[in-house]
Amino acid sequence: MTPLDWPFWAQIVLAYVIVQRLAELAYANANTRRLLSEGGREHGRDHYPLFIVLHSGWLISIALFAVPSAQPDLLLLNAFIASQTFRFWTLASIGRWWTTRIISAPHFPRVKKGPYRFIKHPNYALVVVEIALVPLLLGATAMAITFSILNAALLWWRIRIEEAVLSERQSDGG
């Protein structure tokens with residue numbers, strides 16, 4: 001079964017996730033270029049390609065192997081919609097500082113508004129939820145488990161780097 005054979009609701013979910021990820025990459029790349037021009041430096045470059053492979057593999061695996069039911073599980077669908085609300089709040093809160101890479105400099109502030117008041121890494125928490133939730137919603141439980149484990153390993157590596165880097169920043173990020 002290909003995504004073209006999926007129920008319409010499932011096609012919309014997959015298309016939304018793909019478009020959303022591509023739009024975020026464009027936004028992140030623009031922010032990365034600007035932050036580097038403002039004296040930022042990239043940290044943890046070695047692990048970044050693994051995130052590209054993980055997220056690309058996740059989307060490709062969903063498209064190739066998921067078998068959504070005719071009707072969505074409404075609890076999972078509502079959880080997905082809620083996660084996207086959290087995504088927009090997180091990105092709006094971090095704004096110009098958000099990238100998919102770790103770009104930092106001592107003169108960059110630490111963001112302390114929005115969900116960053118409550119959680120150190122809200123975007124990572126969101127991605128943990130999405131990596132599991134989207135395959136579950138689309139009928140791919142094994143994929144949810146597999147990619148969640150791989151994502152957890154990468155996030156463990158990345159958060160250790162990011163915490164060390166953030167410790168050099170100012171704390172007046174609003």
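What share of the contacts in the chain between residues at least 6 apart in sequence join residues at least 24 apart? The share is 87%. The legends below describe a predicted model.

**Figure 1. Overview of the chain, with five helices and two strands.** From the N terminus, the elements run α-β-α-α-β-α-α. The C-alpha atoms fill a box of roughly 50 × 30 × 25 Å along the principal axes. The radius of gyration is 17 Å. A compact globule of 174 residues would have a value near 16 Å, so the chain agrees with that expectation.

**Figure 2. Surface and charges of the chain, with an accessible surface of about 9,100 Å².** Carbon and sulfur atoms account for 69% of that surface. Of the 174 residues, 46% are buried. The chain carries 16 positive and 11 negative charges. The mean positions of these two sets lie 6 Å apart.

**Figure 3. Helix α1, residues 8-37.** This helix has 30 residues. At 1.5 Å a residue, the expected span is 44 Å. The end C-alpha atoms are 44 Å apart, so the helix agrees with the expected span. Its buried residues include Trp9, Ala10, Val13, Leu14 and Val17. Polar and charged names also appear in the buried set, among them Gln20, Arg21, Glu24, Asn31 and Thr32. The buried residues of α1 pack against two helices that follow in sequence, α2 (48-65) and α3 (74-94), and also against β2 (102-104) and α4 (122-137). Gly39 follows α1. The phi of Gly39 is positive, near 100°.

**Figure 4. Helix α3 and its buried residues.** The 21 residues of α3 should span 30 Å at 1.5 Å a residue. The end C-alpha atoms are 30 Å apart, so α3 agrees with that value. Buried here are Leu77, Phe80, Ser83, Gln84, Arg87, Thr90, Leu91, Ser93 and Ile94. These buried residues pack against α1 and α4.

**Figure 5. Close-up of Arg87 in helix α3.** Is Arg87 buried or exposed? Arg87 has a relative accessible area of 1%, so this residue is buried. Leaving aside residues up to four places away in sequence, Arg87 touches Gln20, Arg21 and Glu24, along with Asn123, Leu126 and Glu130. Gln20, Arg21 and Glu24 are themselves buried residues of α1.

**Figure 6. Close-up of Pro68 in the loop between α2 and α3.** Pro68 has a relative accessibility of 7% and therefore counts as buried. Beyond residues up to four places away in sequence, Pro68 touches Met1, Trp6, Pro7, Trp9, Ala10 and Leu138. Trp9 and Ala10 are among the buried residues of α1. Pro68 and Ala10 are 58 residues apart in sequence. In space, their C-alpha atoms are 6.7 Å apart.

**Figure 7. Close-up of Lys112 in the loop between β2 and α4.** Lys112 is partly exposed, because its relative accessible area is 40%. Lys112 and Ile94 are 18 residues apart along the chain. Their C-alpha atoms are separated by 8.5 Å. Ile94 is one of the buried residues of α3.

Notes
Residues are numbered from 1 along each chain as its sequence is written. This is a predicted model: local features need pLDDT of at least 70, side-chain atom pairs count only at pLDDT 80 or more; totals for chains, interfaces and linings use all residues. Side-chain values use heavy atoms; hydrogens and water are left out. Helices (H or I, at least four residues) and strands (E, at least two) are DSSP runs, numbered from the N terminus. The radius of gyration is taken over C-alpha atoms; the globule rule is 2.2 Å times the number of residues to the power 0.38. Buried means under 20% relative accessible area, exposed over 50%, partly exposed in between (1.4 Å probe, protein chains only). Contact means heavy atoms within 4.5 Å. Accessible areas come from the Shrake-Rupley method with a 1.4 Å probe; for residues, only the protein chains shown count as cover. Lys and Arg count as positive and Asp and Glu as negative; His and the chain ends are not counted. The place of a charge is taken as NZ of Lys, CZ of Arg, CG of Asp or CD of Glu. The expected span of a helix is 1.5 Å times one less than its number of residues.
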